[in-house]
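Got the viewer open? Here is a walk through the model, one selection at a time.

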2 protein chains.
Amino acid sequence: MTLQRQSGVALWRQIADEIRGGIGNGLTDKMGRLPSEAELARRFDVNRHTVRAALAALARERVVEARRGQGTFALKKNRIAYPIGRRTRFSAAMRDNSATGRSEVISSTKETADAPTRTVLRLEPGAIVLRLETLSMVDGEPFSFSTHWFEAGRFEALPEIVRQTGSITAGLKACGVDDYLRQETRVDARHARDAEIERLRLAPGAILLVTGVVNCDLSGVPIQRSRSCFAADRATLIVDHLDSAGS
Amino acid sequence: MTLQRQSGVALWRQIADEIRGGIGNGLTDKMGRLPSEAELARRFDVNRHTVRAALAALARERVVEARRGQGTFALKKNRIAYPIGRRTRFSAAMRDNSATGRSEVISSTKETADAPTRTVLRLEPGAIVLRLETLSMVDGEPFSFSTHWFEAGRFEALPEIVRQTGSITAGLKACGVDDYLRQETRVDARHARDAEIERLRLAPGAILLVTGVVNCDLSGVPIQRSRSCFAADRATLIVDHLDSAGS
DNA sequence: TCTAGTTGTCTATATTATTAGACAAATGGA
DNA sequence: TCCATTTGTCTAATAATATAGACAACTAGA
């Protein structure tokens, strides 16, 4: 294990990231026990105190738990598999992870559409859009934070339905959209910003997977633009190309 | 702008990441000029020297260039759009970015298949696989680093063809695979490791988009497993669900 | 009960990151 | 030419990070 010194990222944070990634990938024994602090210090070639700083950070994140005299143990956490396909529905995807798929509405506002939203939804300059922010929870922890944009006039009633049902699919149905398909999904990755760290309860410096989605009705008219942020260490996005051919 | 203090990530690195992300997103003026160091220090609420450390890092990455008396300017760099679909071919995708899509072979070895490779390629324990490592360049810079696994017996001749043509598609064709489709793509994101930082010439602490791919022949038999790493600030992955329905 | 191995806590010191201030050097426009 | 604005380069002090060593507290097994 070689670490980057003078990189602007503290050694203890690099070590914490390595250990977090190593859990469930051969670092722990069958009992979920990590190598001892002394052993980790040897492997990373740092002082034991530096390893302790990394483990303390992981303990704050509830990723590991130290037991005096016994060792440090990984707390099991299942990584969420999140499918990306033509017919991806959040609630159905979450049921496959034996988790409840409910989207809580954080805010619902109207605003003039910015350039990317106008392009995607094919709107005139100055058009008003509905902006909906939602947070989804899995196992009582925040899983994804999303911002959705809809044409304002057509989807007046949508926020209230989403608030009641926790489902955007239900909200769209109430506004006359019986079915819809994904046109495109963009995937980026970057460091989490302040607001996202707070909302998703992440560790500082956490990495986000950011997806940008365009949903169209069956006649191909774009009706929804969404941007979702997932904690990269909690989620794996899965594109199933066979499924996306349609069902 | 609020930064995370005592997070294990130095302020100058957080600022560098913010500025890198802000370029091409309204931070610079029409001439590509960034706000002055004093102005940035005010916005981030840090000392000017801290901003200078961030700008120095970006200058080392060739993202910006400072001119005494004039200001600091962004050096334009186009983000590569990399499509993910049933029929994604690297070389074709790169031509759409007006770049040459050539994969250089870094290494070609035989090894006993590990568990994930065995599962994906449906092999017996102890089976031998061909492991091919390739690096792709765009605009003279490393763009992606990939590791591919093939069943050893069937693809004996593949590495030599890839070495000559720079194309895996050509290598597969030489081994009797006229056409193939992606079965599945997994997408993860994480910090770059040491070897990846070196091979892709990244800044320390850079973020990687990691894709895992399974390719099948037309009868659905898996023939190739690949894992590719992209620098997250150079690439956007694009899943086109309409295209992936087949052509 | 003893012992080896583990985490927890303390002191001390060196290195790096950040802040603070001052001034030099270059640019462009009035 | 003068002036305001910009980046470049010093010095110095403070805070955060990393290393080093010693020992206490606890656990499990011999």
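Start by selecting the residues near DNA strand C and colouring them by type: this predicted model puts five nonpolar, eleven polar and seven charged residues on that surface. Of the 23 residues around the strand, Leu11(B), Trp12(B), His49(B), Thr50(B) and Arg68(B) come nearest. Now flip to the DNA side and pick the atoms of strand C within 4 Å of the protein: sugar and phosphate make up 68% of them.

Which elements should you highlight around strand C? From chain A, take α3, β1 (64-67) and β2 (71-74), and from chain B, α1 (11-22) and α3; each of these supplies at least two residues of the surface. The biggest contributor is α3(A), with three residues.

Next, draw some distances on strand C:
- Arg68(B): a polar side-chain atom sits 2.7 Å from a sugar or linking oxygen of DNA strand C.
- Asn47(B): here a backbone N or O atom is 3.1 Å from a phosphate oxygen of DNA strand C.
- Gly69(A): look for a polar backbone atom 3.4 Å from a base nitrogen of DNA strand C.

Over to DNA strand D. Select the 24 residues around it, and zoom in on those that come nearest: Leu11(A), Trp12(A), His49(A), Thr50(A) and Gln6(B). By type, the surface near strand D has five nonpolar, twelve polar and seven charged residues. Of the strand D atoms within 4 Å of the protein, 69% are sugar or phosphate, and the rest belong to bases.

More distances to draw, now on strand D. Thr50(A) has a polar side-chain atom 2.5 Å from a phosphate oxygen of DNA strand D. In Arg68(A), a side-chain N or O atom is 2.7 Å from a sugar or linking oxygen of the strand. Arg68(B) turns up here too, with a polar side-chain atom 3.0 Å from a sugar or linking oxygen of DNA strand D. For the elements, show α1 (11-22) and α3 (48-60) of chain A plus α3 (48-60), β1 (64-67) and β2 (71-74) of chain B, which each give two or more residues to this surface. The largest share, three residues, comes from α3(B).

Pull back and superpose the protein chains. Chain A lands on chain B with an RMSD of 0.1 Å after a turn of 180° and a shift of 0.0 Å along the axis, so the two copies are related as by a two-fold rotation axis. Colour the interface as well: 100% of chain A's interface residues are also interface residues in chain B, so the copies meet through the same surface.

Time for rings. Eight aromatic pairs exist over all chains. Pick Tyr82(A) and Phe143(A): their ring centres are 6.4 Å apart with planes at 55°, so this pair is tilted. Tyr82(A) is in strand β3 (residues 80-84) and Phe143(A) in strand β6 (residues 141-151) of chain A, so the pair ties together parts 61 residues apart in sequence. Buried or exposed? Tyr82(A) is buried at 7% relative accessible area, and Phe143(A) is buried at 2%. Add Phe230(A) to the selection, and ring pairs link the trio into a cluster.

In chain B, select Phe143(B) and Phe230(B), an edge-to-face pair at 5.4 Å centre to centre and 70° between planes. The two are 87 residues apart, in strands β6 (residues 141-151) and β9 of chain B, and both are buried.

Last stop: Ser226(B), in strand β9 (residues 222-231) of chain B. Ser226(B) is buried, at 7% relative accessibility, and its side chain makes a 2.7 Å polar contact with the side chain of His148(B). Leaving out residues up to four places away in sequence, Ser226(B) touches Thr147(B), His148(B), Thr211(B), Gly212(B) and Val213(B).

Conventions. Residues numbered from 1 in each chain as written. Chains lettered and ligands numbered in written order. Predicted model: local features only at pLDDT ≥ 70, side-chain atom pairs only at ≥ 80, totals over all residues. Heavy atoms only, no water. Near = heavy atom within 4 Å. Polar contact = N/O pair within 3.5 Å; in protein donor to acceptor, adjacent residues only side chain to side chain. Helix = DSSP H or I, 4+ residues; strand = E, 2+ residues; numbered from the N terminus. Nonpolar A, V, L, I, M, F, W, Y, C, P; charged D, E, K, R; others polar. Buried < 20%, exposed > 50% of the residue type's maximum accessible area, 1.4 Å probe, protein only. Contact = heavy atoms within 4.5 Å. Least-squares fit on C-alpha atoms with pLDDT ≥ 70 in both. Phe/Tyr/Trp six-rings, centres within 6.5 Å; stacked < 30°, edge-to-face > 60°.
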